[in-house]
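Open the model in your viewer and keep the selection tool at hand. The stops below go from the overall fold to single residues.

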Amino acid sequence: MPTLQTILRRVTFTQALIVAAVIRLVVVAYIEYHDSHSILKFTDIDYRVFGDATKLILKPDLPKGRLSEGKLAKALGMNFGDPYARDTYRYTPLLALTLLPNEWIHPIWGKLLFSASDLVVGAVLYKIFMMTKGPRQADRKSSPRMAEVAKTEQEAIKWVGGLWLFNPMMIASLGSGFLLGWHMEDTPLAWFTQTVLFVNFNKVCTSQYFMWYMWFLPLVLPNLSISKSRSAILLGSWIIGQAIWLSIAYRLELLGFNVYLPLWGASILFSLINYFILGQILQSYATYKQRIQKQD
């Protein structure tokens, strides 16, 4: 039976891009259904803030609205509304402008735009990664210092665990990037590790933040030496930890229960689970590289 690594290596970039697009379309469609039938909205509150700012650009006469005093509006002699009249809107005005079709066509426009942008960024990163991967690998195989560099890399992967345990967010994120990003073929692992550390050390964390590092997994998984049973245990641990954390957060934020202490405990538990999983991934990656270097 083919392993996950074998299956992923057989998937072409075009196939992956098509699957990614389909997944995003299905998720967006489900979100529309979910939000219309549940009091607990799937769509993040920030999307509503974006939409409100867009409405204020088109309709400055709305309550709390005001005319924009920007140079562009004055230069064009048009009565644009000020998006910053919307409380908590602290983004570029261009963001509100790109969502104008939300008002002209359908509110789903922004979600489709963000999904398409995500695919474009992924395609660009893939092209950059493939353009530089080949030459770098050839250089390594022909270098007399390959064994020494490989040994140093393995030590760096081991030491990165201590780095993210004893340092705050930025030091851990930047430090892991320097330690793991020496070669282009290791870049996806460095990106994944940095993002995991950034999210878990961040003083603000919501469930959607986990998606920031999830999309790196297809680039990392083919380079892991990990059994299916261990993969199932790690995935199950992550799901259970998040379920406990989110259920208590739901009781606090939406039901108003005084559950600060249990939430604190659930946050610590979930953080430890994430750190353990990251450590397992780093260890598995180091094992995979050792096996590949023996084959070379």
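## The whole chain

Start with everything shown as cartoon. The protein has 14 helices and zero strands. Read along the sequence, the pattern is α-α-α-α-α-α-α-α-α-α-α-α-α-α. Keep in mind that this is a predicted model.

Now colour by accessibility. Of the 296 residues, 34% count as buried. Then turn to contacts between residues at least 6 apart in sequence: 65% of them join residues at least 24 apart.

## Stop 1: α13 against α14

Select residues 228–253, which form helix α13, and residues 260–295, which form helix α14. Their axes lie 9 Å apart, and the two helices pack at an angle of about 160°. Roughly antiparallel starts over 145 degrees, so α13 counts as roughly antiparallel to α14. The crossing of α13 past α14 is left-handed.

Show side chains next. From α13, pick R230, L234, S237, W238, G241, Q242, I244, W245, I248, A249 and L252. From α14, pick Y260, P262, L263, A266, S267, L269, F270, I273, N274, F276, I277 and Q280. Together these residues make the contact. What is the split into nonpolar, polar and charged in the contact of α13 with α14? There are 16 nonpolar residues, six polar and one charged.

## Stop 2: α10 against α14

Keep α14 selected and add residues 187–201, helix α10. The axes of α10 and α14 come within 11 Å and cross at roughly 170°. That angle makes α10 roughly antiparallel to α14. Here, too, the viewer should show a left-handed crossing, with α10 passing α14.

On the α10 side, select L189, F192, T193, V196, L197, N200 and F201. On the α14 side, select S271, N274, Y275, L278, I281, L282 and Y285. These residues form the contact. How many of them are nonpolar, polar and charged? The contact of α10 with α14 has ten nonpolar residues, four polar and no charged.

N274 is worth a label. This α14 residue is part of the contact with α13, and it is also listed in the contact with α10.

## Stop 3: aromatic rings

Hide the helices and show Phe, Tyr and Trp rings. A pair of aromatic rings is described by the distance of the centres and the angle of the planes. The structure holds 17 aromatic pairs.

Zoom to Y89 and Y91. Their rings are 5.4 Å apart centre to centre, with 70° between the planes, an edge-to-face pair. Are these two residues buried or partly exposed? Y89 is buried, at a relative accessible area of 4%. Y91 counts as partly exposed, at 23% relative accessibility.

Move to F210 and Y213. This pair is tilted: 6.3 Å centre to centre, 55° between the planes. Both F210 and Y213 are buried.

Now select Y47, F50, Y84, Y89, Y91 and F114 together. Ring pairs link these residues into a cluster.

## Stop 4: F50

Centre on F50, in helix α3. Its relative accessibility is 11%, and buried means under 20%, so F50 counts as buried. Which residues does F50 touch, leaving aside its neighbours within four places in sequence? The answer is Y89, Y91, L95, L99 and F114. Y89, Y91 and F114 also belong to the ring cluster.

Draw a distance from the C-alpha of F50 to that of R90. The two residues are 40 apart along the chain, and their C-alpha atoms are separated by 9.7 Å.

## Stop 5: two loop residues

Go to L62, in the loop between α3 (45–58) and α4. L62 is partly exposed, with a relative accessible area of 32%. Not counting residues up to four places away in sequence, L62 touches K55 and L56. From L62, draw another C-alpha distance, to G81. It reads 9.4 Å, for residues 19 apart along the chain.

Finish at T88, in the loop between α4 (71–76) and α5 (93–98). Check the backbone torsions. Most residues other than glycine have a negative phi. T88 is not a glycine, yet its phi is positive, at about 75°. At 48% relative accessibility, T88 counts as partly exposed.

Note on methods:
Residues numbered from 1 in each chain as written. Predicted model: local features only at pLDDT ≥ 70, side-chain atom pairs only at ≥ 80, totals over all residues. Heavy atoms only, no water. Phe/Tyr/Trp six-rings, centres within 6.5 Å; stacked < 30°, edge-to-face > 60°. Buried < 20%, exposed > 50% of the residue type's maximum accessible area, 1.4 Å probe, protein only. Axes fitted to C-alpha atoms, helices over the stretch in contact; angles between N-to-C directions. Helix = DSSP H or I, 4+ residues; strand = E, 2+ residues; numbered from the N terminus. Parallel < 35°, antiparallel > 145°, perpendicular 65-115°, else oblique. Left-handed = near helix turned anticlockwise from the far one by under 90°. Contact = heavy atoms within 4.5 Å. Nonpolar A, V, L, I, M, F, W, Y, C, P; charged D, E, K, R; others polar.
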